[in-house]
Amino acid sequence: VYKRQPVIARIIAWSARNLLLVCMVTAFAVGAGIHGLRTIPLDAIPDLSDVQVIVYTEYSGQAPQVVEDQVTYPLTTAMLTVPKSRAVRGFSFFGVSFVYVIFEDGTDPYWARSRVLEYLNTAARRLPAGVTPGLGPDATGVGWVYQYAVVAKDQTLAELRSLQDWTIRFAASKAEGVAEIASLGGFVKRYTIVVDPNLLKAQGISLARLREAVRASNMDVGGRTVELSEFEFMVRGRGYLKSIHDIESIVLKIEQGVPLRVKDVARVEIGADERRGITDLDGDGEVASG
C-alpha cells in the first residue's frame with residue numbers, strides 16, 4: 001500500500017537535497033529585508049487626515065449670526081465649485097469665520113491651495129468692505145508634533161508672551177519642516193483710550209476722527225537727503241508711539257491756535273492685559289507656549 005507523504009515533509013526533504021540553493025535564497029531574503037529596513041520610510045504617526053484647505057476670515061466685533069450671513073455663507077457657496085472638492089464646511093464664531101474645503105484623496109495639497117486661492121479672489125468681492133479672507137497654514141490636521149512652554153519666575157505673562165511672539169517664534173520657524181508656530185497662553189499688552197463721550201460731543205470730535213488721528217500719528221515719515229561737507233545724510237521722521245504721554249499729546253484739531261489733544265477728551269492707560277488662550281504647565285498658569 002502506497003502512503004503519500006505530507007506536503008511539509010516533501011518540502012523538508014527537497015530542501016535537504018538542495019542545501020546550497022536554500023542557503024542562497026535565505027541569504028538573498030535576509031539581505032533584501034535588511035535593505036528594506038534601512039531604506040523604507042517609516043512614520044510613527046502616519047498622516048491619515050483629509051487633504052483640506054482652511055479659509056480664515058476676521059470680522060471684528062460682529063456677532064456669529066452676522067459673520068455667518070455676510071462672510072461664511074458667501075465663502076462656503078463659492079468654494080462648492082472648486083475642482084476635486086469633496087465637502088465644504090463653514091463655522092462662524094464671534095468676529096471670525098472658518099471655512100474648510102476638503103478634497104478627494106490623492107489631491108496634491110499645493111494644487112488644492114492654488115485652486116482655493118483662485119476662487120477666493122472672486123468670492124472676496126461679495127464680502128463687506130474691509131474684510132479680507134486668507135488661507136490657513138499648509139499643515140494637516142495631525143501636523144502638531146511638538147509643544148513647548150516658556151517659563152520664567154521673574155517675568156510676567158506679558159513679558160513671556162512677547163518673548164514667544166517676537167524672539168522664539170521666528171527662530172523656531174526656521175527649523176526644517178516647520179509650517180507654523182501657534183502661540184497660546186500669556187498676555188498681550190496694549191494701550192487703551194478711555195473716551196469721555198460728553199467731552200467728545202462738546203468738542204465736535206467723532207470716534208472715527210479720534211481713531212484716525214491715533215493711527216496717523218504712529219507712522220514712519222519719509223525724508224530727504226541733506227548734503228553737508230561732501231557727505232549725504234538721510235533725514236526721516238520716526239513716528240513710533242513709545243509711551244502713554246505720546247498718545248495723550250496727539251493733536252485732534254486746532255481752533256484759533258489752540259490745539260485739542262487726546263488727553264482733553266479721553267484717558268490713556270495701559271489696558272488690562274488681553275488673554276490669548278488658557279494654558280498651564282504642572283498646575284502653573286503663568287506660561288506662554290507654542
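Helices α1 and α2 are roughly perpendicular to each other (65 to 115 degrees), because they pack at an angle of about 100 degrees with their axes 5 Å apart. Axes here are lines fitted to C-alpha atoms over the stretch in contact, and angles run from 0 to 180 degrees between N-to-C directions. The model is predicted: local features need pLDDT of at least 70 and side-chain atom pairs pLDDT 80 or more, whereas totals for chains, interfaces and linings use all residues. Residues are numbered from 1 along each chain, and side-chain values use heavy atoms, without hydrogens and water.

Helices (H or I, at least four residues) and strands (E, at least two) are DSSP runs numbered from the N terminus. Contact means heavy atoms within 4.5 Å.

| Helix | Span | Residues in the α1–α2 contact |
|---|---|---|
| α1 | residues 7–17 | Trp 14, Ser 15, Ala 16, Arg 17 |
| α2 | residues 19–39 | Leu 19, Leu 21, Val 22 |

Helix α3 (residues 64–79) has a kink of about 40 degrees at Thr 72, shortly before Pro 74; the bend is the angle between axes fitted to the seven residues ending there and the seven starting there. Thr 72 and Pro 74 are among the buried residues of α3 (under 20% relative accessible area, 1.4 Å probe, protein chains only). The buried residues of α3 pack against β1, β2, β3 and α4.

The largest nonpolar core has 20 residues; such a core joins buried Ala, Val, Leu, Ile, Met, Phe, Trp, Tyr and Cys residues through side-chain atoms within 4.5 Å. Helix α3 gives the most to this core, with five residues. Val 99, one of the residues with the most contacts inside the core, touches Thr 72, Leu 75 and Met 79, among others.

Notes
Buried means under 20% relative accessible area, exposed over 50%, partly exposed in between (1.4 Å probe, protein chains only). Angles under 35 degrees count as roughly parallel, over 145 as roughly antiparallel, 65 to 115 as roughly perpendicular and the rest as oblique. Lists of a residue's contacts leave out its neighbours within four places in sequence.
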